[in-house]
Amino acid sequence: MNTYQDIYEGWRQDPEAFWMEAANKLDWTTPPSRAFFADQGAYGRWFADGKVNTCYNCLDRHVEGGRADQSAIIYDSPITGNQRSLTFAQLKAEVVALAAALKDRGIAKGDRVIIYMPMVPEAAIAMLACARLGAPHSVVFGGFASAELATRIDDCAPKLIISASCGIEPGRVVAYKPLLDGAIELASHKPEATLILQREQQGCDLIEGRDFDYAEAVQAHKAAGTDVACADVAATDPLYILYTSGTTGQPKGVVRDNGGHAVALHWTMKNIYNVEPGEVYWAASDVGWVVGHSYIVYGPLLAGNTTILFEGKPVGTPDASTFWRVMSEHKVASMFTAPTAFRAIKQNDPDGEMAAQFDLSNLRTVYLAGERADPDTILWLEKVSGKPVIDHWWQTETGWTMAGNPVGIELMPVKYGSPTVAMPGYDLQVLSDEGEELPRGELGNVVVKLPLPPGAFPTLWNAEERFREAYLDEFPGYYKTADAGMMDEDGYLFIMARTDDIINVAGHRLSTGGMEEVIAEHPDVAECAVVGIADEMKGQLPAGFVILNKGVDRPVAEIQGELVQMMRDRIGPVAAFKIAVPVQRLPKTRSGKILRATMQKMIDGEEFKMPATIDDPAILDEIAESWRAYSGRG
Ligand code: COA
Ligand code: AMP
């Protein structure tokens, strides 16, 4: 039996052989002659002379290879009370019909398509139909408002947008169409057409000549049995663009290519998630996030697993037993979600009485990522599920695990608070701010020695310079993860914090800089700072500290309400912005930089050193006082 050490060392000694072996598990239209092409791209490119279609490898290959009648997607929607299962053959038929409808609207290889949809099977079908045509998709999370969608429309200039009439949140129906129309209105780039899925919960009006009915468009092709061949796609052609928060309001378009992505994700299904083809895998996330891309859609389908597409919440749809019910009912072997989901369940069912009511005999392992997994939650989850709970660490940029516990190779001893060890492909190091390698046990910048492995992003969409500046320039020869952490003597990594202004709210990655830009637009605001403060359930919550213009004499509560509404309208409800604290001054360095990290530590009651460069330490006391007054703690 190979150990993790054997496999990791094997990769280190001969990455070419390691990745070519992994690549051979897929069907290529032109197999690559070698794995790595050092002379291409910012740090090299993977499988650059190969051609491969991701949709073919997710669907056709399995239909032809004996899985036609196996469930590919189980849609379980406790929020609407619906369930639907699609076999690989049925899913392929849906994807082909939609691909044909997209072709009718002129979509061809290279054209971008935005997908703005709730968690319905058609969202995955849309992604796969784009992949079939070689048209890069860009999925935008449904919790983002018009302005965020407009920014993405302008950045990737889609020829077409696929959307739905509505999404369903607990207690309310979210009308998507007005948000979509608002975004198209705001954007300078105008898509030629939209395809709208009318949902029975709430329909919408279609604009003549621009909006087309999804069901009608695919029905004609289903009836006619139209076939659409898989486009011949270069391994380095983009499969998708996924926007993620950067340090400003302008999101970064993470590009994922076809070849490296398929190879890497396929490798992870057995080696990290320990599932065999045919088994049921569930990532409880949303297709709008990277976890949804990699592990609701592409990873499980590439490996011939049944994937669950869950439209609901961990609590309230209808209660905290839902996750256990889904795992039991669909015989889930591996499940993956963000720690915040289990914190929500724990709050509602602290003794795990609901879990005990379900047969979890098929479940082997639970995986957590997206934010720090606090030991309390892991210990609770181990106890109530009776299964190993695995923390693993990765980012939108990498698309798959940088540090994890490779259960399919061997279950390594769990150290609480650590996502375990570097995965093959990742040479993880911890550097000082000056770029020196730090001794084991010391806190510093977590970086990856270049090249990044297959599956990780080769660039940002139309922003090569920003890609280099944001990720490669600070530590030459390394990729900067923007996470701070340390590695212990056994090579276990501990991730402590971000080194930039990104915060993590309920597993959702958000930019405090972007929120500050919104607050600053309020006519009564002179200056502001947004910091991520600790929250028991969501991990972090954004808190705005706001200096009002001199002479403003309106009730503060009115302004606070307007700020909350602005954030919902501009970024979206997902920002979860509800805290706006009026202050007189903000703590700054002598050069004028706002000391956000110091404010956060002080509010969270963490130890902090008074920065030597602080201009006026008395301001921190004022902030503490304003916070006490606001939160009623003093
Ligand atoms: N469309 C429209 N609105 C959405 C939305 C969507 N797809 N998703 C979330 N929202 C809204 C919510 O309704 C909520 O609105 P409100 O302020 O009016 O109540 C707001 O955005 C915040 O949503 P969320 O952060 O999801 O908070 P919540 O209180 O509704 O639920 C959790 C909290 C922990 C239960 C939930 O975030 C969760 O399940 N998270 C873990 C799983 C996950 O998605 N992880 C992502 C990466 S793995
Ligand atoms: P995203 O790109 O949305 O997946 O967010 C990536 C960021 O989330 C990382 O840079 C980390 O800051 C944080 N993160 C993800 N997984 C973990 C984890 N297992 N432990 C600690 N932080 C994590």
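How many salt bridges are there between domain 1 and domain 2? The count is 1, and the pair behind a salt bridge involving Arg509 is easy to look up: glutamate 397 pairs with arginine 509, with the closest N and O atoms 2.9 Å apart. Keep in mind while browsing that this is a predicted model.

## The two domains

Let's start with the layout. Domain 1 comes in two stretches, 4-312 and 392-485, while domain 2 runs over 506-631. Between the C-alpha centres of the two domains there are 34 Å. On the contact itself, domain 1 puts in 18 residues and domain 2 puts in 14 residues.

As for the area, the size of an interface is often given as the accessible area lost when the parts come together. Here domain 1 and domain 2 bury about 1100 Å² between them, and 49% of that is on carbon and sulfur atoms. On the domain 1 side, three residues stand out: Ala145, Ser245 and Trp289 supply 33% of the area that this domain buries against domain 2, more than any other three residues.

Back to the links across the boundary. Side chains of opposite charge can pair when their charged atoms come close. Besides the 1 salt bridge between the domains, there are 6 residue pairs in polar contact, both partners at pLDDT 80 or more. Which helix gives the largest share of the domain 1 side that touches domain 2? That would be helix H6 (residues 146-156), with 3 residues. Sorted by class, the side of domain 1 that touches domain 2 has 10 polar, 5 nonpolar and 3 charged residues.

## The two ligands

Now for the guests. Ligand 1 is surrounded by 26 residues, and the closest are Glu169, Arg172, Pro314, Lys538 and Arg568. Ligand 2 is surrounded by 14 residues, the closest being His392, Thr396, Asp483, Arg498 and Arg509. Arg509 has already come up here, as the partner of glutamate 397 in a salt bridge.

Here are some of the polar approaches to each ligand, residue by residue.

| Residue | Part of the residue | Ligand atom | Distance |
|---|---|---|---|
| Glycine 143 | polar backbone atom | nitrogen of ligand 1 | 3.5 Å |
| Glutamate 169 | polar side-chain atom | oxygen of ligand 1 | 2.5 Å |
| Arginine 568 | polar side-chain atom | oxygen of ligand 1 | 2.8 Å |
| Glycine 370 | backbone N or O atom | nitrogen of ligand 2 | 3.1 Å |
| Aspartate 391 | side-chain N or O atom | nitrogen of ligand 2 | 2.7 Å |
| Asparagine 504 | polar side-chain atom | oxygen of ligand 2 | 3.3 Å |

Glutamate 169 and arginine 568 are both listed among the closest residues to ligand 1.

## Arginine 325 and a salt bridge elsewhere

Arginine 325 is worth a click. You'll find this residue in helix H11 (residues 322-329). What does the side chain of arginine 325 join in a polar contact of 2.6 Å? The partner is the side chain of aspartate 76. Leaving out residues up to four places away in sequence, arginine 325 touches Asp76, Pro78, Gln83, His330 and Phe358.

Across the whole structure there are 37 salt bridges. One of them brings together the side chains of lysine 92 and aspartate 60, at 3.6 Å from N to O. That pair links distant parts of the chain, with lysine 92 in helix H4 (residues 88-104), aspartate 60 in helix H3 (residues 54-67), and their positions 32 residues apart in sequence.

## Backbone oddities

A few spots in the backbone deserve a look too. The peptide bond from threonine 317 to proline 318 is cis, with omega near -5 degrees. Proline 318 belongs to the loop between strand S15 (306-310) and H11. Another cis peptide bond joins leucine 450 and proline 451, and there omega is about 5 degrees. This time the proline, 451, is in the loop between strand S22 (444-449) and helix H14 (464-472).

Where is lysine 331? Look in the loop between H11 and strand S16 (332-337). Lysine 331 is not a glycine, yet has a positive phi of about 55 degrees. Alanine 576 also has a positive phi, near 50 degrees, in a residue other than glycine. Its place is the loop between helix H16 (556-570) and strand S29 (579-582).

Notes
Residues are numbered from 1 along each chain as its sequence is written. Chains are lettered from A and ligands numbered from 1 in the order in which they are written. This is a predicted model: local features need pLDDT of at least 70, side-chain atom pairs count only at pLDDT 80 or more; totals for chains, interfaces and linings use all residues. Side-chain values use heavy atoms; hydrogens and water are left out. Domain bounds come from an automatic or database domain assignment. Contact means heavy atoms within 4.5 Å. Buried area is the accessible area (1.4 Å probe) that two parts lose on being put together, summed over both. A salt bridge is a side-chain nitrogen of Lys or Arg within 4 Å of a carboxyl oxygen of Asp or Glu. A polar contact is a pair of N or O atoms within 3.5 Å; within protein, one must be able to donate a hydrogen and the other to accept it, and residues adjacent in sequence count only if both atoms are side-chain atoms. Helices (H or I, at least four residues) and strands (E, at least two) are DSSP runs, numbered from the N terminus. Ala, Val, Leu, Ile, Met, Phe, Trp, Tyr, Cys and Pro count as nonpolar, Asp, Glu, Lys and Arg as charged, and the others, Gly among them, as polar. A residue is near a molecule or strand if one of its heavy atoms lies within 4 Å of it.
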